[in-house]
Amino acid sequence: ALAIAGGVGAVGLLILVINPLLGQALRTNAPERVLMILVGIAIFGTAAVTEASGLHMVLGAYAAGVLLPDKIRHMAADKLDMPTSMLLLPFFFLSAGLDAHISGSDTTVWAIFLAGMLVCTLVKVLATILAARLGGENFAFGTMAGILLQTKGLMELVIVTVFRDIGLVSGQTYSALVLVALASTALTMPLTKIFLPHLGEAMDRSGVRPVAMISVGRNASPR
């Protein structure tokens with residue numbers, strides 16, 4: 001009940017308090033620094049509410065990112081993306097690495113790692129191929145899409161960190177999943193370079209493709 005109340009409270013804080021203040025600031029042409037201060041209050045305020053209620057602070061910050069007005073979201077992304085990526089993300093990865101305890105003799109960690117790699121790589125590629133075929137795309141498109149979907153390192157680290165903090169996974173499972181996130185993400189470009197020369201032409205004959213897939217295909221295909 002407390003967790004539900006915290007989630008509702010965080011959303012209510014955004015919709016009933018923060019967003020009206022931001023709307024008023026936009027209408028009065030408030031300085032950009034004022035808008036960024038309000039964004040900071042929204043992020044840390046909702047994170048504090050969800051953390052205090054037993055949910056994770058990440059959920060409150062995520063809610064702020066989703067529910068802020070579109071103009072403010074774009075402005076915040078322009079102003080905060082580079083500092084966040086350059087200054088804060090390295091510390092997050094450092095923390096994730098320090099919290100992982102990996103030993104070559106710990107068979108439990110390596111068993112979870114191998115099972116995780118099987119699910120995250122082979123099963124994901126097969127599922128993506130199936131989804132592509134059901135959507136009218138060909139085998140080559142599904143294979144390359146499944147390979148590119150291996151780039152999930154940051155999100156997986158965030159999720160397993162949240163799960164560890166709230167006690168859903170053990171330290172061994174956390175350590176193994178950190179390895180899975182790093183290994184599966186690192187495989188993406190080598191696998192792309194191996195398979196794309198063989199599947200590129202067949203992929204071009206598939207249906208309408210996202211711009212990102214077209215760009216990857218053109219940049220990596222052999223001349």
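A salt bridge here means a side-chain nitrogen of Lys or Arg within 4 Å of a carboxyl oxygen of Asp or Glu. Keep that cut-off handy, since most stops on this tour use it. One more thing before you start clicking: the model you have open is predicted.

**Stop 1: Asp99 and Arg164.** Select these two and show their side chains. They form a salt bridge, with the closest N and O atoms 2.9 Å apart. Now colour by helix: Asp99 sits in helix α4, while Arg164 belongs to helix α7 (residues 153-165), so the pair links distant parts of the chain, 65 residues apart. Switch on the surface and you'll find Asp99 partly exposed, at 31% relative accessibility. Arg164 counts as partly exposed as well, at 22%. That 22% is not labelled buried because buried means under 20%.

Keep the selection and add Asp165. Asp99, Arg164 and Asp165 are linked in a network of salt bridges.

**Stop 2: Asp70 and Arg73.** Stay on helix α4 and select this pair; both residues lie in that helix, 3 residues apart, about one turn. Their closest N and O atoms are 3.3 Å apart, and the two form a salt bridge. On the surface, Arg73 shows up as partly exposed, with a relative accessible area of 36%.

**Stop 3: Glu32 and Lys79.** What do the side chains of Glu32 and Lys79 do? Draw a distance between them: they meet in a salt bridge, 3.1 Å from N to O. This pair links distant parts of the chain, with Glu32 in helix α2 and Lys79 in helix α4 (residues 70-99), 47 residues apart. Glu32 is partly exposed at 38% relative accessibility, and Lys79 is partly exposed too, with a relative accessible area of 43%.

How many salt bridges does the rule give in total? The count comes to 4. As a reminder of the chemistry behind these stops, side chains of opposite charge can pair when their charged atoms come close.

**Stop 4: Asn29.** Leave the charged pairs and select Asn29. You'll land in the loop between α1 (2-27) and α2 (32-52). Is Asn29 buried or exposed? At 70% relative accessibility Asn29 counts as exposed, because the cut-off for that label is over 50%. Then check the backbone torsions: Asn29 has a positive phi of about 55°, although this residue is not a glycine.

Definitions and conventions: Residues are numbered from 1 along each chain as its sequence is written. This is a predicted model: local features need pLDDT of at least 70, side-chain atom pairs count only at pLDDT 80 or more; totals for chains, interfaces and linings use all residues. Side-chain values use heavy atoms; hydrogens and water are left out. Helices (H or I, at least four residues) and strands (E, at least two) are DSSP runs, numbered from the N terminus. Buried means under 20% relative accessible area, exposed over 50%, partly exposed in between (1.4 Å probe, protein chains only).
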